[in-house]
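Here are my notes on the model, point by point. Please read them with the structure open.

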Amino acid sequence: MKLKKVEEADEIGFGKAAPGHDYMALYTVAKMDGQRGIFRSDNGGRSWVRINDDQHQYGRPTTITGDPRIYGRVYFGTNGRGIIYGDPVKDKD
């Protein structure tokens, strides 16, 4: 199945579903709408949110997966720069 917006996808991984969702979270290293980055989908790939920014590219990760126990936690290998994990940024009150 071809997903809209996804021009290239290098890696795909799965993690715990978002609260109230049935689908596992999807994580990908991809190019979408002309922008390369690390993305997450909580609805089976219908929509995506970029979870890195231009200052944090991590040398084009070569592997990615979500945590099966903690929603939003992502792990990725950085092709010689180690393994990095990240959690969603919490909004400030």
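**Notes on the pocket, sheets and core**

1. The largest pocket has 18 lining residues, and Ile-51, Asn-52, Gly-86, Asp-87 and Val-89 are those nearest its centre. Its volume is about 340 Å³. The terms come from a 1 Å grid over the protein atoms alone: a pocket is an open set of points with protein on both sides within 12 Å along at least five of seven lines, and a lining residue has an atom within 4 Å of a point. Points are joined across faces, edges and corners, and the volume is the space filled by probe spheres set on them; the probe is 1.4 Å.

2. Some ground rules. The model is predicted: local features need pLDDT of at least 70 and side-chain atom pairs count only at pLDDT 80 or more, while totals for chains, interfaces and linings use all residues. Numbering starts from 1 along each chain as its sequence is written, and side-chain values use heavy atoms, with hydrogens and water left out.

3. Which elements give two or more residues to the lining of the largest pocket? They are strands E3 (35-41), E4 (49-50), E6 (74-77) and E7 (83-86). E7 provides the largest share, three residues. Strands here are DSSP runs of E, at least two residues long, numbered from the N terminus. By class, the lining has 10 nonpolar, four polar and four charged residues. Nonpolar covers Ala, Val, Leu, Ile, Met, Phe, Trp, Tyr, Cys and Pro; charged covers Asp, Glu, Lys and Arg; the others, Gly among them, are polar.

4. One open sheet has four strands, in the order E1-E2-E3-E4, with antiparallel pairing. E1 (6-15) and E4 are at the edges with a single partner strand each, so one side of each has no neighbour in the sheet. Pairing requires at least two DSSP bridges between two strands. E3 and E4 have two bridges and run antiparallel. Arg-40 is opposite Val-49 of E4. In general, the strands of a sheet pair through backbone hydrogen bonds, parallel or antiparallel.

5. E5, E6 and E7 also deserve a look. E5 and E6 run antiparallel, joined by four bridges. Gly-66 faces Val-74 of E6 across the pairing. Four bridges also join E6 to E7, again antiparallel. Here Gly-77 has Ile-83 of E7 as its bridge partner. E6 and E7 make a hairpin with five residues between them, and Asn-79 in the turn has a positive phi of about 55°.

6. Strand E5 (residues 63-66) has two faces: Ile-64 and Gly-66 are on the covered one, Thr-63 and Thr-65 on the uncovered one.

7. How many aromatic pairs are there? The count is one. Rings of Phe, Tyr and Trp (its six-membered ring) pair if their centres lie within 6.5 Å; planes under 30 degrees apart are stacked, over 60 edge-to-face, the rest tilted. The ring centres of Tyr-75 and Tyr-85 are 6.0 Å apart and their planes stand at 40°, so this pair is tilted. Tyr-75 sits in E6 and Tyr-85 in E7, 10 residues apart. Tyr-75 is partly exposed at 26% relative accessible area. Tyr-85 is exposed at 51%. The cut-offs are under 20% for buried, over 50% for exposed and partly exposed in between, with a 1.4 Å probe and protein chains only.

8. The largest nonpolar core has seven residues: Ala-25, Tyr-27, Val-29, Ile-38, Ile-64, Val-74 and Phe-76. E2 (25-32) and E6 each supply at least two of them. The largest share, three residues, is from E2. Such a core is a set of buried Ala, Val, Leu, Ile, Met, Phe, Trp, Tyr and Cys residues joined through side-chain atoms within 4.5 Å. Nonpolar side chains tend to be buried together in soluble globular proteins.

9. Asp-33 merits a check. This residue lies in the loop between E2 and E3. Its phi is near 50°, a positive value in a residue other than glycine. Asp-33 is exposed, at 55% relative accessibility.

10. Two buried residues close the list. Met-32, in strand E2, has 5% relative accessible area. Met-32 and Ala-18 are 14 residues apart in sequence and 22 Å apart in space, C-alpha to C-alpha. Phe-39, in strand E3, is buried at 5%. Phe-39 and Ile-51 are 12 residues apart in sequence, with 5.4 Å from C-alpha to C-alpha.
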